[in-house]
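Here is a short briefing to read with the model open beside you. It covers a metal site first, then ring contacts.

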Amino acid sequence: MDLDELVVRINIETGQLEPYTRKIVRRLSDMKDFYYDKEAVQRILAKEDPIIYEVYAWERSTDEGNLSFATTILNPGKIGDEYYMTKGHFHSKRDRAEVYITLSGNGKIVIQDEKGNASVLDLVPNSITYVPPRHAHRTVNTGNKPLIFIAIYPSDAGHDYDVIAQKGFSKIIVERDGKPTAIDNPNYLK
Ligand code: PAN
Ligand code: ZN
């Protein structure tokens with residue numbers, strides 16, 4: 001093993017990794033079914049297709065025991081009154097946990113068990129958040145600058161987006177009276 005290849009630099013301002021093995025860019029058009037206000041989605045897409053978030057991942061092979069990590073840069077903004085958010089997923093291997101380290105920005109993480117019980121926690125700079133096994137997770141930017149965090153996860157965890165794409169999270173984060181508020185998702189499928 002070349003030990004020099006085990007060091008990755010992070011740009012603390014932008015969240016970019018150097019080197020990285022994979023970069024993901026998610027625009028509104030990639031996740032239009034994830035937002036509850038379908039009219040707002042169409043209104044925005046008629047004019048532009050904003051970047052909602054970018055991920056820089058440094059991934060090891062999926063041999064059991066390896067760890068991988070990624071930074072996420074989740075932009076500020078709203079679709080209707082729902083804040084920009086990630087798709088959210090379960091890990092394909094359900095018993096794989098994860099650690100999130102928030103570097104900058106302000107937001108929330110929605111953590112939901114397999115029965116659909118959701119908890120909403122604050123993501124604030126210099127905090128470490130544990131995502132337990134068997135819980136889907138989604139981050140939401142409720143601030144006015146990018147929400148930047150590091151995620152560290154077992155390399156064999158895998159991402160299962162299907163359950164969330166079909167059912168959604170039972171709670172969503174919207175602006176109410178100028179404040180981020182968790183409400184029941186009107187489109188949630190039990
Ligand atoms: C994170 C997420 C990242 C993007 O690295 O993958 O924030 O969110 P989605 O994967 O839901 O689009 C993580 O939880 N990895 O396991
Ligand atoms: Zn994850």
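The six donor atoms around the zinc ion (ligand 2) subtend angles of 74 to 172°, which makes the arrangement octahedral. For six donors, that word asks for opposite donors over 155 degrees apart and all others between 65 and 115. As a yardstick, ideal angles for six octahedral donors are 90 or 180 degrees.

This is a predicted model, where local features need pLDDT of at least 70 and side-chain atom pairs pLDDT 80 or more, while totals for chains, interfaces and linings use all residues. Residues are numbered from 1 along each chain as its sequence is written, chains are lettered from A and ligands numbered from 1 in the order written, and side-chain values use heavy atoms, with hydrogens and water left out.

**Zinc site**

- The protein supplies His89 (NE2), His91 (NE2), Glu98 (OE) and His137 (NE2) as donors to the zinc ion (ligand 2), at 2.1 to 2.3 Å; donors are N, O and S atoms within 2.8 Å of the metal (3.2 Å for Na, K and Ca), and sites may look incomplete because water is not among the atoms.
- Along the chain, the donors of the zinc ion (ligand 2) are spaced H-x1-H-x6-E-x38-H.
- His89, in the loop between strand S7 (82-83) and strand S8 (90-91), and His137, in strand S13 (residues 136-141), link distant parts of the chain, 48 residues apart; strands (E, at least two residues) are DSSP runs numbered from the N terminus.
- His89 is buried at 8% relative accessible area, and His137 is buried at 2%; buried means under 20%, exposed over 50% and partly exposed in between (1.4 Å probe, protein chains only).

**Aromatic pairs**

- Three aromatic pairs turn up in a search of the whole structure; rings of Phe, Tyr and Trp (its six-membered ring) pair if their centres lie within 6.5 Å, with planes under 30 degrees apart stacked, over 60 edge-to-face and the rest tilted.
- Tyr20 and Tyr56 are edge-to-face, because their ring centres are 5.0 Å apart and their planes at 80°.
- Tyr20 is partly exposed at 36% relative accessibility, whereas Tyr56 is buried at 4%.
- Trp58 and Phe69 are stacked, with ring centres 4.9 Å apart and planes at 20°.
- Trp58 is buried at 9%, while Phe69 is partly exposed at 22%.

**Charges over a ring**

- Arg26 lies over the face of Tyr161, 5.4 Å from the ring centre; such a charge has NZ of Lys or CZ of Arg within 6 Å of the ring centre and within 35 degrees of the ring normal.
- Lys87 also lies over the face of Tyr161, at 5.5 Å from the ring centre.

Terms used:
Four donors count as tetrahedral if all angles lie between 85 and 135 degrees; four count as square planar and six as octahedral if opposite donors are over 155 degrees apart and all others between 65 and 115; anything else is irregular. Helices (H or I, at least four residues) and strands (E, at least two) are DSSP runs, numbered from the N terminus.
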